[in-house]
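Biologist: I'd like to walk through this one with you before I go back to the bench. Can you take me through the fold a piece at a time?

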Amino acid sequence: MLSSRRGGTPTSGGGDDEEDPASTAASSSAEEPKTHPPATLTARLASYTRSLVSLSTSSTSFSSHCLTISLFIAFLFSLLGLSVLLRYSRPVACIPPYDPLARSVHFSRRLEGLASDFGSLGVPWCRSKQGRTVEWAPSDLIKALEEFVPIYETRPIKNNMYGMGFDHSFGLWFMARWLEPDLMVESGAFKGHSTWILRQARPDAKIISLSPRHPEKYLKKGPAYVDPNCTYFTGKNFVDFGSMSWGKVLGQHGVKDLSKVLVFFDDHQNELKRLKQALKAGFRHLIFEDNYDTGTGDHYSLRQICDQSYIRGGGHSCFRDGDEARIRLKRKKFWDKALDIDEICGKGEAWWGVRGYMRDDFNHSNKAISYAEHFQNSRFVESILNVYWELPPVAGPSLTHQTRYDPARASDPIVEDGRYALFQRLGLGKLDSSVFNGYTQMVYVEISR
Ligand SMILES: C[S@@+](CC[C@H](N)C(=O)[O-])C[C@H]1O[C@@H](n2cnc3c(N)ncnc32)[C@H](O)[C@@H]1O
């Protein structure tokens, strides 16, 4: 499955094959630079040019002689430059970002372990209707990280176990700031850390928070955050996102333009269910905190839904002696959340969702679904997606010392392994390594019918 692109480019291979005795003899003459690559087409051209030069210079003046020699040397150097360029450059591949076939061919050529969009196993992603992507670039993320670290250091809840860590806190803050919503809806508040993050991103925007328990309840035991400009539907007033009269509530908050609303789900509910509810209410911008990989997590996620066999790394093979089983076994030794084939595959070789189940509500409810149903779900999701973007991990595992998520199942980190100086410059080195252990592929989607 994972073939390597070894050896040189067609240029270097072709050059060696084309070596000809006449040009090899010429290369040993005094005018040839010592660093010249093996005699090739280049050498042949050079010797041809030399013969032309010797013909044309026999009856010229000294100055035109000098000019010709200079031109000749310049020509030789450009040939040398060109051949070096061709030898060491990679073939330019133009891969349409949402063409699974082209991507799979391209990525399967890469060496195992080298950086790629989604690591060596490859992972499925959801295809948007027109292949649109987000407006921000990696450089925007790096710039924003520098700003966010000092903000994060002032968080009221230092230990947010069971809630968001650094990666997702940054992702939520970055996207809320970029998208500039007038209203932010949060489903799943816990002690209020994510409410605090939303507030840092948009100091004057309204927030609506839905959660069975009010964050103030946690204050008895330790730090929590209660926002003064947030409408809480919690405790006795709790209403599930899917049961809310959104028309009425948005009217009360003076919101007319639903494209100015950002909905953030961290409530561990089936994301297909949430997507349909959000679509029905007319919301367009959604963030799902826990976008679990196939075989993991307590609810059916977008990533699971889009996991289909036509995408590299998707549509798993339950064959115990296959490549996937072998790679997974290897990954499991290093990464806490990596799964082996027995964990991926359930009864009847059902691999989709979690061993053929669509989980919901913290896995308090789950339903076995057929592959046909799972496939239909992906068709539905992709039919309403304008944009699908997974937040990359903030920094490579060798920098953050995280061991939970498997980097082969995630996009390349914002600060890649080896960029220690950048990691330090951004202030990431000051943070406790435990804050980097909660990455689960937070995803932003823009939807419409
Ligand atoms: C993982 S915690 C949220 C963490 C929080 N966003 C943070 O970053 O600190 C999940 C929260 O969802 C709440 N929850 C459970 N069922 C819910 C539902 N149907 N709607 C909204 N929230 C729900 C839980 O009570 C819990 O507070």
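Modeller: Sure, and one cut-off up front: a residue is buried if 20 or more other C-beta atoms lie within 10 Å of its own, exposed if 12 or fewer, and partly exposed in between. Keep in mind too that this is a predicted model.

Biologist: Then let's use that cut-off: how does E382 count, with its C-beta neighbours inside 10 Å?

Modeller: E382 sits in helix 15. It has 17 C-beta neighbours inside 10 Å. Buried takes 20 or more and exposed takes 12 or fewer, so with 17 E382 counts as partly exposed.

Biologist: Leaving aside neighbours within four places in sequence, which residues is E382 in contact with?

Modeller: One residue to place first is L302, which is 80 residues from E382 in sequence and 10.0 Å from it in space, C-alpha to C-alpha. As for contacts, once neighbours within four places in sequence are left aside, E382 has C126 and R127.

Biologist: Back to the helix itself: how far apart are the end C-alpha atoms of helix 15?

Modeller: Helix 15 covers residues 371-384, which is 14 residues. At 1.5 Å a residue they should span 20 Å. The model agrees with that, as the end C-alpha atoms are apart by 21 Å.

Biologist: Within what arc do the buried residues of helix 15 fall, seen down its axis?

Modeller: The buried ones are H374, N377, S378 and V381. An α-helix has 3.6 residues a turn, so residues three or four places apart point the same way. In helix 15 the buried residues line one face, because seen down the axis they fall within an arc of 95°.

Biologist: And what covers those buried residues of helix 15?

Modeller: On the other side of helix 15, A372, Q376, R379 and S383 are exposed. The cover over the buried residues includes helix 10 (271-281), helix 11 (302-305), helix 14 (352-355) and strand 8 (385-390).

Biologist: Now another pair: is the crossing of helix 7 and helix 8 left-handed or right-handed?

Modeller: Helix 7 (residues 166-179) and helix 8 (residues 193-201) pack at about 35°, with axes 8 Å apart. Their crossing is right-handed.

Biologist: How do the residues of that contact of helix 7 with helix 8 divide?

Modeller: Helix 7 brings S169, L172, W173, A176 and R177, and helix 8 brings S194, I197, L198, Q200 and A201. Sorted by type, they come to 6 nonpolar, 3 polar and 1 charged.

Biologist: Last one: what share of the chain's residues count as buried?

Modeller: The chain has 17 helices and 9 strands. Among contacts between residues at least 6 apart in sequence, 66% join residues at least 24 apart. Of the 449 residues, the buried share is 38%.

Conventions: Residues numbered from 1 in each chain as written. Predicted model: local features only at pLDDT ≥ 70, side-chain atom pairs only at ≥ 80, totals over all residues. Axes fitted to C-alpha atoms, helices over the stretch in contact; angles between N-to-C directions. Helix = DSSP H or I, 4+ residues; strand = E, 2+ residues; numbered from the N terminus. Left-handed = near helix turned anticlockwise from the far one by under 90°. Contact = placed C-beta atoms within 7 Å. Nonpolar A, V, L, I, M, F, W, Y, C, P; charged D, E, K, R; others polar. Expected span 1.5 Å × (residues − 1). Arc of directions from axis to C-beta.
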